[in-house]
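Me: I'd like to learn how to read a few backbone and packing features. Could we go through them together?

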Amino acid sequence: MVPEREQRKGMRVLVPGCGLSRLVYEVCCRGFGCQGNEFSLHMLLTSYVILNEVEQPFSIECFPYVTSSCNHREIDDQFRAVRIPNTIPNLTMPPDSDFSMSAGDFEESFREEHHSAAWDAVLCSFFLDTAHNIFDYLRTIYRLLKPGGRLISLGPLLWHYADMPGEMSIELSWEELQQALEGVGFQILVEETDRECKYTSDDRSMQYTVFRCVLFVAQKPFEQFEHEH
């Protein structure tokens, strides 16, 4: 249940792995306080330009397909431009928005005690499978949430460090991830499988990737606070 807009003031949402921060922007536009966290310097620099320097919609021209020479239907498809963004974030976000960013590794960035039980929701889009150790991610998220707080996640389980030499990686199935969530203490409220999502796709290409994602909502129980105190 999404609270009415007047009730959202003061509610804090964390978006780890926020990329170019579009999700953070959308959350703030809906009246929540929101902080994005991102590790990639390339993402951080690009999001800074989009969030702070854009003065007109569709004013940034990029060529995402120019390095790919395969599966094009027409000659010009490889060289066509894409213009972004479709809005002006620094002019369309409510002036009293509680918007912030943090740079760095997710677990390291939120290790300090003042982050514990400080967030009403953690919102993940294609993020959980970036973990070396998914159990560490889940325990961190559980600690960050207030009693009654919710983890909302959409994405596949394309474990980023699988088969990468020298890197630790724990790869779980969705069935095992459900058990891990419950083992940490979460209660799963919503589970939707087979949510089809394209990712960095070219709609005009002869080939593109579609993930059959899982969307779930998991809650940290209210009574956990009573047990801890």
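Me: Which residue follows α2, and what is the sign of its phi?

Reply: G31 follows α2, and its phi is positive, near 100°. Helices here are DSSP runs of H or I with at least four residues, strands runs of E with at least two, numbered from the N terminus. This is a predicted model, in which local features need pLDDT of at least 70, side-chain atom pairs count only at pLDDT 80 or more, and totals for chains, interfaces and linings use all residues. Residues are numbered from 1 along each chain as its sequence is written, and side-chain values use heavy atoms, leaving out hydrogens and water.

Me: Where are N71 and D163 found, and what is the sign of their phi?

Reply: Most residues other than glycine have a negative phi, and most peptide bonds are trans. N71, in the loop between β3 (60-62) and β4, has a positive phi of about 65°. D163, in the loop between β7 (145-155) and α7, also has a positive phi of about 65°.

Me: Is D163 buried or exposed?

Reply: Buried means under 20% relative accessible area, exposed over 50%, and partly exposed in between (1.4 Å probe, protein chains only). D163 is exposed at 83%, while N71 is partly exposed at 29%.

Me: Which residues does a cis peptide bond join?

Reply: I84 and P85, with omega about -15°. P85 lies in the loop between β4 (82-84) and α4.

Me: Which residues of α2 are buried?

Reply: In α2 (residues 22-29), V24, Y25, V27, C28 and C29 are buried.
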